[in-house]
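Student: Please take a close look at the protein surface that faces one of the DNA strands. Then connect it to the rest of the assembly.

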Protein chains: 2
Amino acid sequence: MTLSQIKFDRTFRHGPGVECGECPIRTRAVCSLCEPHELNALDGIKSYREIPAGKRLYEAGEPMEHVASVVLGVGTLSRTLEDGRRQMVGLLLPSDFIGRPGRAEALYDVEALTDLTVCRFERKGFERILGSTPNVATRLLQMTLDELDSARDWAVVLGRKSARERVASFLLILARRLGRQSGGEMLFQLPVTREAMADYLGLTLETTSRQMSALRRDGVIATEGRSAVRVPDLIRLAEEAGDDSDGVALV
Amino acid sequence: MTLSQIKFDRTFRHGPGVECGECPIRTRAVCSLCEPHELNALDGIKSYREIPAGKRLYEAGEPMEHVASVVLGVGTLSRTLEDGRRQMVGLLLPSDFIGRPGRAEALYDVEALTDLTVCRFERKGFERILGSTPNVATRLLQMTLDELDSARDWAVVLGRKSARERVASFLLILARRLGRQSGGEMLFQLPVTREAMADYLGLTLETTSRQMSALRRDGVIATEGRSAVRVPDLIRLAEEAGDDSDGVALV
DNA sequence: CGAGTAATTGAAGTTTATCAACACACGTGG
DNA sequence: CCACGTGTGTTGATAAACTTCAATTACTCG
């Protein structure tokens, strides 16, 4: 398999009457603990939406009448300061939840990086279900607690890691969540430009690019074209990320 | 009122038979939405604990058989990298929740900065209550979502703000959560050393100290002794923090 | 009041940002 | 299918911010 053959999954074809049972995020999303009858309640208010790559779904401060689960594709959550400085505060990968019950306004900009498929719920209706469906509430709490942990982990990266470690940390996250294994190597497509990477990493795009070059020069990664990445040795990459603790939780 | 007279509240005297109704965090903590009969369930498994300043309650990786609410005092949540770099990922102020239902191990170091009073619950018992008491589950979800937002906001500070802006941001948070108003000024005690501030801010203690001096020189703050701080103009401080958006949500 | 810790300040060094030029990929149209 | 143009990525030189190492001063507590 050559690097250029790695593409994002776009296999899920939805439409009226598509069953949740066929949904690729059925086992990880906010609905994953639901019994069949609970799923019916969600099914009644759900609708799929396709968002083209590059489109902004919400801007910080805007009203937000829906919540949603990412089904396919990659999005970002970010904040822009008045002088233009931008910081991404979260990646939105399949099964991630967008929006917040109980809040009518977006706190962050939400953007589609690749074409995005989301499973959308009208917010008020979702809040009602949340109150009457413990398995949804429980799962949302679990997911939020997990998100909180990753946000805190990311604060460690932003607060204490060098540019090289930050870039390695980012590649490691993507390799774990998007990578395909192929003969001991991990292969994946970067869903982001250098600029977006820089926004996530709290660096400039030039520094980001330099560190990518350095990691390539040192054999930690190989690249092909703009976005295909090969990681020959995930443990080596984890060491570069400073995550160490002898290679915790690889895979 | 002189700065040195500002002290932390230590007015809550607990002991066997103390009613939740007298609890200073009754209206904000995880129990705040509870009906009287729900409170009884929590009351049955709660116990107050005093932790002296400086003590570590948990270390990352350790088993954690309890969860708790901070009642009085200030604590920290932090992670230490193998080479000694440390990043604080959260401040624990009164009403904040410690621990996570469903996880048996601490992810971060938890330390008492000042003497700390916590209202503690055995984790398994708390998880049972969570399942049977929607008002606890709802409130915990609210609080976790809020925490997630602050963690993300902090990522913006760490990723994009200058040393001066970071120090100002930190002072602003403390002024809002710990400050007492006195004739248009805000007065509070720093519950942390410069080193702990630096750990929170992703800076060195020297840089932190220099920026404190600079803010003092520029009249943004006044200090007395090591930890008393006076903020003559909260809006000015918010501007220095780069938080701007014309002084959002002061108070 | 004195000892010891915490905080401040200075000088030099390192990392990252900024400004600027150039190269490469990828889609478009010839 | 190749040439071309535009946006994206790379690299270099310089400047700025922050860190590091070191010395001094100021609190606080016994």
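Tutor: By class, the surface near DNA strand C has three nonpolar, seven polar and eight charged residues. Here "near" means that a heavy atom of the residue lies within 4 Å of the strand. Ala, Val, Leu, Ile, Met, Phe, Trp, Tyr, Cys and Pro count as nonpolar; Asp, Glu, Lys and Arg count as charged; the others, Gly among them, are polar. This is a predicted model, where local features need pLDDT of at least 70, side-chain atom pairs count only at pLDDT 80 or more, and totals for chains, interfaces and linings use all residues. Residues are numbered from 1 along each chain as its sequence is written, chains are lettered from A and ligands numbered from 1 in the order in which they are written, and side-chain values use heavy atoms, with hydrogens and water left out.

Strand C has 18 residues around it. The closest are A:Thr207, B:Arg194, B:Ser209, B:Ser213 and B:Arg216. Sugar or phosphate supplies 59% of the strand C atoms within 4 Å of the protein, and bases supply the rest.

Now the polar contacts (N or O atom pairs within 3.5 Å; within protein, one must be able to donate a hydrogen and the other to accept it, and residues adjacent in sequence count only if both atoms are side-chain atoms). B:Ser213 places a polar side-chain atom 2.7 Å from a phosphate oxygen of strand C. The side chain of A:Thr204 has an N or O atom 3.3 Å from a phosphate oxygen of strand C. A:Glu206 goes to a base: its polar side-chain atom lies 3.1 Å from a base nitrogen of strand C. Helix 6 of chain A and helix 6 of chain B are the elements that give two or more residues to this surface. Helix 6 of chain B gives the most, with six residues. Helices are DSSP runs of H or I with at least four residues, strands are E runs of at least two, and both are numbered from the N terminus.

Turn to DNA strand D. It is surrounded by 19 residues. Sugar and phosphate make up 56% of the strand D atoms that come within 4 Å of the protein. The side chain of A:Arg194 has an N or O atom 2.7 Å from a phosphate oxygen of strand D. Two arginines reach bases: A:Arg226 is 2.7 Å from a base nitrogen, and B:Arg210 is 2.8 Å from a base oxygen. On this strand, helix 6 of chain A has the largest share of the surface, six residues.

Next, the protein chains themselves. In chain A, 41 residues are in contact (heavy atoms within 4.5 Å) with 42 residues of chain B. The two chains bury about 3,700 Å² between them, 56% of it on carbon and sulfur atoms. Buried area is the accessible area (1.4 Å probe) that two parts lose on being put together, summed over both. The interface has 14 salt bridges, each a side-chain nitrogen of Lys or Arg within 4 Å of a carboxyl oxygen of Asp or Glu. One of them joins A:Arg100 to B:Asp146, with the closest N and O atoms 2.7 Å apart. Helix 3 of chain A supplies the largest share of the chain A side, 17 residues.

A:Arg160 sits in helix 3 (residues 134-160) of chain A. A polar atom of the A:Arg160 side chain lies 2.9 Å from the backbone oxygen of B:Ala198.
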